[in-house]
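Colleague: Could you take me through one part of this protein slowly, as you would at the bench? I would like a close look and one connected story.

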Amino acid sequence: MNRYAKIYSKTRSVIAAGMLAGMATLSIAGAASGEEFDKAGIETIVREYLLQNPEILIDMQRSLETKQEQIKQQQQMATLKEKHDLIYNSPNQMIIGNPEAKISIVEFFDYNCGYCKRALSDMQKIVGENPDVKFIMKEFPVLGEPSLEAHKISLAFIKRHPEKYADFHNSLLSAEGRKDGNSALELAVSMGADADQLKADANDPAIIGAIGEVYDLADGLGITGTPSYVIGEEVVFGAVGFDRLMPKIAQLQKVQN
């Protein structure tokens, strides 16, 4: 599929809506004047015009993307304001780093996300070098059923052994292979958890509610992948790395001081 065809595919609904609106206007005008409305003729004129001026499709796509980005940013700001307490103080989240740190970085992650695994060292370095920074972890399973089962065990582990969460998180995320309920349970048991108790807890509706809470926050913030961060009033997408995270953190430190 060539470039223009791809663009047309993305914008055909916009074009169709415009055509329908134009046709409706012409139809009403035609009916008022007693003239017959030639739908096929209008369609032919529009099609020929677009074929002769394909750059219009590019302009339409750019305009659509700009509008969508504006709507997304407005929704993000509304969510950051309206759900601030849930983002930073939910009872379903855990902290890595100094619990008393003034600066909070919120991370949405999935245990099967390779980029999250890569970003783990960034988080460890940041909290290791900055005692005034902590990470708030949002369990966000988006990579299928195995991830969901692993996160359910993780949340069950949090309920019983919150003081061991950082070690559990680091170990499970850095482990090789695909993570699922069984691998998460095996790790939890090796750290002193009771297997039957964790299995029962993992099926508690409150656990599903905790995951649903994160999904709702992610939806409002425009987050669809992992890792993603909330740093101050900014949503940062992807494993951007230590060197790009630190200037954003430094700006918060400057404001705090």
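Colleague: Is Val235 buried or exposed, and what is its relative accessible area? Please start there and then work outward to the parts around it.

Modeller: Happy to! Please keep in mind that this is a predicted model. Val235 is buried, because its relative accessible area is 10% and the cut-off for buried is under 20%. You will find Val235 in strand β5, which covers residues 234–237. Leaving aside residues up to four places away in sequence, Val235 touches Gln76, Leu221, Ile223 and Tyr229. Gly222 is also worth a glance: 13 residues separate Gly222 and Val235 along the chain, and their C-alpha atoms are separated by 8.5 Å.

Gly222 takes us to the next element, since Gly222 follows α10 and has a positive phi, near 75°. Helix α10 runs over residues 205–221. The start of α10 has a cap: a side-chain oxygen of Asp204 lies 2.8 Å from the backbone nitrogen of Ala206, at the N-terminal end of the helix. As for length, the 17 residues of α10 should span 24 Å at 1.5 Å a residue, and the end C-alpha atoms are 24 Å apart, so the two values agree. The buried residues of α10 include Ile207, Leu217 and Ala218, as well as Leu221, which is one of the residues that Val235 touches.

Let me pause on Ile211, another residue of α10. With 3% relative accessibility, Ile211 counts as buried, because the limit is under 20%. Not counting residues up to four places away in sequence, Ile211 touches Pro141, Leu148, Lys152 and Leu155. Of these, Lys152 sits 59 residues from Ile211 in sequence, while the C-alpha atoms of the two are 8.2 Å apart in space.

Ile211 also helps to line a cavity. A search of the whole structure finds one cavity of 30 Å³ or more, and the volume of the largest cavity is about 60 Å³. Its lining is made up of Ser90, Asn92, Gln93, Met137, Lys138, Glu139, Leu155, Ala210, Ile211, Glu213 and Val214. Two elements give two or more residues to this lining, namely β3 (133–139) and α10. The largest share, four residues, comes from α10. By type, the lining residues divide into five nonpolar, three polar and three charged.

Now back along the chain, to the loop between α10 and β4 (228–231), where Thr226 has its place. Pro227 lies in that loop too, and the peptide bond from Thr226 to Pro227 is cis, with omega near -10°. Thr226 counts as buried, because its relative accessibility is 12% and the limit is under 20%. Its contacts, apart from residues up to four places away in sequence, are Phe108, Phe109, Asp110, Cys113, Tyr115, Cys116, Phe140 and Val142.

Finally, here is the wider setting. The protein has 11 helices and five strands, and 40% of its 257 residues count as buried. Among contacts with a separation of 6 or more, 76% are between residues 24 or more positions apart.

Notes
Residues numbered from 1 in each chain as written. Predicted model: local features only at pLDDT ≥ 70, side-chain atom pairs only at ≥ 80, totals over all residues. Heavy atoms only, no water. 1 Å grid on protein atoms, 1.4 Å probe; cavity = no way out; pocket = protein on both sides within 12 Å on 5 of 7 lines; lining within 4 Å. Points joined across faces, edges and corners; volume = space filled by probe spheres on them. Nonpolar A, V, L, I, M, F, W, Y, C, P; charged D, E, K, R; others polar. Expected span 1.5 Å × (residues − 1). Buried < 20%, exposed > 50% of the residue type's maximum accessible area, 1.4 Å probe, protein only. Polar contact = N/O pair within 3.5 Å; in protein donor to acceptor, adjacent residues only side chain to side chain. Contact = heavy atoms within 4.5 Å.
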